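Please open the model in your viewer and walk through it with me, one selection at a time.

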Amino acid sequence: MLKQMEGSRAVAEAVGLCRPEVICAYPISPQTHIVEGLSELVKEGRIDNCEFINVESEFAALSVAIGSSAAGARSYTATASQGLLYMAEAVYNASGLGLPIVMTIGNRALGAPINIWNDHSDAMSMRDSGWIQLFAESNQEAVDLHIQAFRLAEEISCPVMVNMDGFILTHAYERIDMPRQEQVDAFLPPFEPIQMLDPARPVSIGAMVGPEVYAEVRYLAHYKHLQALERIPVIAEEFQARFGRASGGLIRPYRTEGAELIVLALGSVNGAIKDVVDQMRADGHKVGSITVCSFRPFPLDALRQLLQGVRRIVVVEKNLSLGIGGILANNVRMSLRGLEQPVFTVIAGLGGRPITMHGLQECFTKALAGTLEELHFLDLDWEIIRRELHHARSERRSGPVAENMLKLRLQGRSDV
Amino acid sequence: MSDENAPEQKVKFYQKGTYTVGNRLVNVRQRSVQASMDRSNSLTCGHRACQGCGEALGARYAIDAAMRATNNQLIAINATGCLEVFTTPYPETSWQIPWMHSLFGNAAAVAAGVAAAMRVKGLKQVRTIAQGGDGGTMDIGFGCLSGMFERNDDVLYICYDNEAYMNTGVQRSSATPVAARTATTPAMGANPGNSFNSGKNLPLIAMAHNIPYVATASVAALHDLEAKVTRAMSLHGARYLHIHVPCPLGWGSAPHDTIQVARLAIKSGLFPLIEAEHGMVTATVPIRQPVPVTDYLKLQKRFAHLLRGGEENARKLAAIQTIADNNIKRFNLVRKEAPRV
């Protein structure tokens, strides 16, 4: 059914269609509307037989989900940014225990400086946690990925994070094709845990494991991700067959035939990138793009097949590994190991900085011309950086950096 | 309780011939009440607790009592700590019940999740307990515990209080008594041991949440402990049981003195045995013959520096005696009625 609705509300309804049994909620922007929506759905009785638990922290939110999932209940929570960091210990624990929890991340920057706007720093901080990490390009895909996420998580007993860009997706109103309950029921069977806490069959879960087999246990977690690489495309295909639209999968190429330049990115920025690709194709440039939907597991082979022989590869990413560059770009380089193809990184949209089509097109044009730096910061105000560096060099106690930058920015404006 | 026809457990050679409480391998007539086959022995032999461990004893009695009270329909969640480590060194486990360890600070939240799962699955008969040491309960797990209390989740949380971080090698926790020596409050300098005017009283904090049941118990009063667990399991909602469990290693007491030390903590007034429902004290265990706190302190090397004489030590001992006296006053522990200890 087609509806005009907010991304968060759409995700809440999609999660509801998955018949969750325990939902744990702790508020943090920009994820709040999702759990608010779910609390309404549970209170109204539109989600049948579900416990909605308001907890006292994100650490508790995921911990409650760990308990309920281990006891055999389909469990869901959502968070963002600092919340994801605060629950970090439980994030690793949930995957270590192989609990198929699904969690939405309304992607947001990390402090300090505190910033509530979108980038992917939060998700990247958990990239080695053992969770499957899927990134939604649109609100429709966010809806669809949640339905696929429960299926995937429960098939391989591994938790799944569905990432959707904070505000850009969570707060955007778009047309959503909301699946019907019977469609979801046919796609997503009831949760059958591979092990659970049950007085009839007592087991000890979470025992201490020493050097004798810890490495083997970790390898098996790695093996799950290799399994996921196979299952994600299959589940996406089945989803398309049942629901009549393509969503999810490992990667989605766009106009890559004969491309001299291919741009890669995670999440909603792919919409703008595709528009720029269309414009540049119209101008006769051989440009294409790839939406990376599954960041963990990372589709090394699928990317290598598409990228092999492409002259220019640009990764647009909303994170910064300080002193090194982009995390996605490093993973893309890994897919091209042994090949001499340079990968250019464009760091963009940090802390919610708008990514304009104009800025992207300029980068891609430079990349085609061979003049783009290997690590490029999109729309960086070099003037205030220069002034602050000068200020800090000249005065030991030069004050808090973030506040100084804001001051300089405002002064710059008043100068105009 | 011992039954002539009681089946013997499969022989494990290291148990044969010992007179350990609960040994079912000795002659039927020699078996103690705890060896009754009615007892679930949820925490079985073969764990790796130290000799004289109060926590192992407390846990076994508490869990067995909870098993009896729930007709064996019990799930236990364990915080990281001694109890977790000594019972489940992979691939062995001493637990005969569904048991899970997740993290140090989240046992109360994980248990809340289990209880929620049981509600949605309609398994009302399956009950949930969470257990941890004083560090996992009062310090790192305090947020999750308070959350579980205020939501009134259907969980019995049991804290085995041995008054420091024993698993990591005896470091101070917020349950460490004043003046006690630990690895991070060494008996050195002008103010040896743990500082005065520190620590917190978790049973009282639990009571402040107005939860259905709060109690303190001790391994020196096992029938009282079992009765409290039974009472707790007869109620629903958030319940808290705080069990005093001496740690010979951390306290510097003799392993064979564990019960004696625990008993002196009660008799001196330093560890009052109380019960409270919905924030109101409903019962206390009276002290028949109060003893001075020094009787308790002198059995433990962690207080040895206090007992070397001098004015300063005398002042400190008086301050500790005042703590005990205030407990006795607050809970009216010395009174004329039939004593239970």
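Start with chain A of this predicted model and colour it by domain. The assignment splits chain A into domain 1 (2-192 + 210-243), domain 2 (251-377) and domain 3 (387-415). Domain 1 comes in two segments, 2-192 and 210-243.

**Stop 1: domain 1 against domain 2, chain A**

Select both domains. Their C-alpha centres lie 26 Å apart. In the contact, domain 1 of chain A contributes 26 residues and domain 2 of chain A contributes 24 residues. About 1,900 Å² is buried between the two domains, and carbon and sulfur atoms give 57% of it.

Which three residues supply the most area on the domain 1 side? Select A:Met124, A:Phe135 and A:Glu137: they supply 32% of the area that domain 1 of chain A buries against domain 2 of chain A, more than any other three residues.

Stay on A:Glu137. It forms a salt bridge with A:Arg252, with the closest N and O atoms 3.0 Å apart. Four salt bridges are counted between domain 1 and domain 2 of chain A. Polar contacts link 14 residue pairs across the same two domains, both residues being at pLDDT 80 or more.

Now show the secondary structure on the domain 1 side. The elements giving two or more residues to the side that touches domain 2 are helix H6 (121-125), strand E6 (132-135), helix H7 (139-156) and helix H9 (214-243) of chain A.

**Stop 2: chain A against chain B**

Bring in chain B. Here 37 residues of chain A are in contact with 38 residues of chain B. The area buried between the chains is about 2,800 Å², with 65% from carbon and sulfur atoms. Select A:Leu197, A:Pro199 and A:Met208: in chain A they lose the most area to chain B, together 20% of what that side buries.

Next, pick A:Glu21 and B:Lys121. They form a salt bridge whose closest N and O atoms are 3.3 Å apart. Across the interface there are three salt bridges. Residue pairs in polar contact between the chains number 14, both residues at pLDDT 80 or more.

Which elements of chain A give two or more residues to the side that touches chain B? They are strand E3 (51-54), helix H3 (58-70), helix H5 (88-96) and E9 of chain A. H3(A) gives the largest share, eight residues.

**Stop 3: the sheet**

Keep E9 of chain A selected and add the strands of chain B that follow. This is an open sheet of nine strands with mixed pairing, in the order E9(A)-E2(B)-E1(B)-E3(B)-E4(B)-E6(B)-E5(B)-E7(B)-E8(B). Look at its two ends. Strand E9 (204-205) of chain A and strand E8 (280-284) of chain B each have a single partner strand, so one side of each is left without a neighbour in the sheet.

Select helix H1 (residues 54-69) of chain B. H1(B) lies across strands E1 (74-78), E3 (127-133), E4 (155-161) and E6 (239-244) of chain B, and runs at about 160° to E4(B).

**Stop 4: E5, E7 and E8 of chain B**

Strand E5 (residues 213-218) and strand E7 (residues 274-277) of chain B pair antiparallel over two bridges. Click B:Val214: its bridge partner in E7(B) is B:Ala276.

Move on to E8(B). E7(B) and E8(B) run antiparallel, joined by four bridges. B:Glu275 stands opposite B:Ala283 in E8(B).

Finish at the turn. E7(B) and E8(B) form a hairpin with two residues between them. B:His278, in that turn, has a positive phi of about 50°.

Conventions. Residues numbered from 1 in each chain as written. Chains lettered and ligands numbered in written order. Predicted model: local features only at pLDDT ≥ 70, side-chain atom pairs only at ≥ 80, totals over all residues. Heavy atoms only, no water. Pairing = 2+ DSSP bridges. Contact = heavy atoms within 4.5 Å. Axes fitted to C-alpha atoms, helices over the stretch in contact; angles between N-to-C directions. Domains from an automatic or database assignment. Buried area = accessible area lost by both parts, 1.4 Å probe. Salt bridge = Lys/Arg side-chain N within 4 Å of Asp/Glu carboxyl O. Polar contact = N/O pair within 3.5 Å; in protein donor to acceptor, adjacent residues only side chain to side chain.
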